[in-house]
Amino acid sequence: MSVPATGLPMHSRDGARWIFDPGALCLEFLVTGGPGPLARWETLDRPEGLRTWLADSRLHLDPAQVDVTVAALASARRVRDALWRVVHDAAHGTTHEADDDAGEEAELTPTPEDLAEVNRAAARPPLVPRIAADGTHEWTLPADAEQVVSTVARDAIDLLTGPYADRIRECDAHNCQLVFVDTSRPGRRRWCSMERCGNRHKLRALRARRDHS
Ligand SMILES: [Zn+2]
């Protein structure tokens, strides 16, 4: 909250680079992979995956100063998968529309154990904030991956119980599952990113208009 968000650098399968700002730390964590079919995006299967995320995310941590054990990595994946289900549920409400993604929806239905997983992570010691000599916010280093995951879990609890809980949304593009929180005043954000899904949609709409005229 005290650090301005710049967004995560993303790489599309077609090689395009773009920036995704989901509006919250815990939602940034979801791009590291997920349960079920989302496992194809998995990056937390090796310490380097988490280290890259630490530097790219709004935490802006020096990965060399964060201890990442195999056990912590496994715990990070469990918490992330639990968060996916809880956040997906918050984005869609409890009544899921039946559609051709029914299989994927089943993978993303939260259980009480998911909330317990998030709460357990949040109960561990988080990263410790400090004020730098130039007055800016930074995190005390060295730190370890458990602290990072605790900080992510606490951020998720703040988001899910806070004023923007009903502004958690999935990108409107049909084939995009990225989740963001719309903190804009008008509250009309539809896309993970204007430069990606937003522009694709605009192009399609233009083409459709042209073909019908
Ligand atoms: Zn999108």
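Arg78, Glu113, Glu117 and Arg120 are linked in a network of salt bridges. The model is predicted. The salt-bridge count comes to 14. A zinc ion is held by four cysteine sulfur atoms, those of Cys171, Cys176, Cys192 and Cys197. Several salt bridges join residues from the stretches that also carry zinc donors, as set out below.

**Zinc site**
- The donors are the SG atoms of Cys171, Cys176, Cys192 and Cys197, at 2.3 to 2.4 Å from the zinc ion.
- The angles subtended by the 4 donor atoms run from 101 to 116 degrees, so the arrangement is tetrahedral. The criterion for four donors is that all angles lie between 85 and 135 degrees.
- The donor spacing in sequence is C-x4-C-x15-C-x4-C.
- Cys176 sits in the loop between strand S7 (168-170) and strand S8 (179-181), and Cys192 in the loop between S8 and helix H7 (194-212), so this pair ties together parts 16 residues apart in sequence.
- Cys176 counts as buried because its relative accessibility is 5%. Cys192 is buried too, at 3%.

**Salt bridges of Asp182**
- Asp182 pairs with Arg167, at 3.9 Å from N to O. Arg167 is in the loop between helix H6 (145-161) and S7, while Asp182 is in the loop between S8 and H7. The two are 15 residues apart, and the pair links distant parts of the chain.
- Both partners, Arg167 and Asp182, are buried.
- Asp182 also forms a salt bridge with Arg169, with the closest N and O atoms 2.9 Å apart. Here the partner Arg169 lies in strand S7, 13 residues from Asp182.
- Asp182 has 1% relative accessibility and therefore counts as buried. Arg169, at 23%, counts as partly exposed. The cut-off for buried is under 20% relative accessible area.

**Salt bridge Asp172–Arg190**
- Asp172 and Arg190 form a salt bridge, their closest N and O atoms being 2.8 Å apart.
- This pair also links distant parts of the chain: Asp172 is in the loop between S7 and S8, and Arg190 in the loop between S8 and H7. They are 18 residues apart.
- Asp172 is partly exposed, with a relative accessibility of 45%. Arg190 is partly exposed as well, at 37%.

**Background**
- Side chains of opposite charge can pair when their charged atoms come close.

Notes
Residues are numbered from 1 along each chain as its sequence is written. This is a predicted model: local features need pLDDT of at least 70, side-chain atom pairs count only at pLDDT 80 or more; totals for chains, interfaces and linings use all residues. Side-chain values use heavy atoms; hydrogens and water are left out. Donors are N, O and S atoms within 2.8 Å of the metal (3.2 Å for Na, K and Ca); water is not among the atoms, so sites may look incomplete. Four donors count as tetrahedral if all angles lie between 85 and 135 degrees; four count as square planar and six as octahedral if opposite donors are over 155 degrees apart and all others between 65 and 115; anything else is irregular. Helices (H or I, at least four residues) and strands (E, at least two) are DSSP runs, numbered from the N terminus. Buried means under 20% relative accessible area, exposed over 50%, partly exposed in between (1.4 Å probe, protein chains only). A salt bridge is a side-chain nitrogen of Lys or Arg within 4 Å of a carboxyl oxygen of Asp or Glu.
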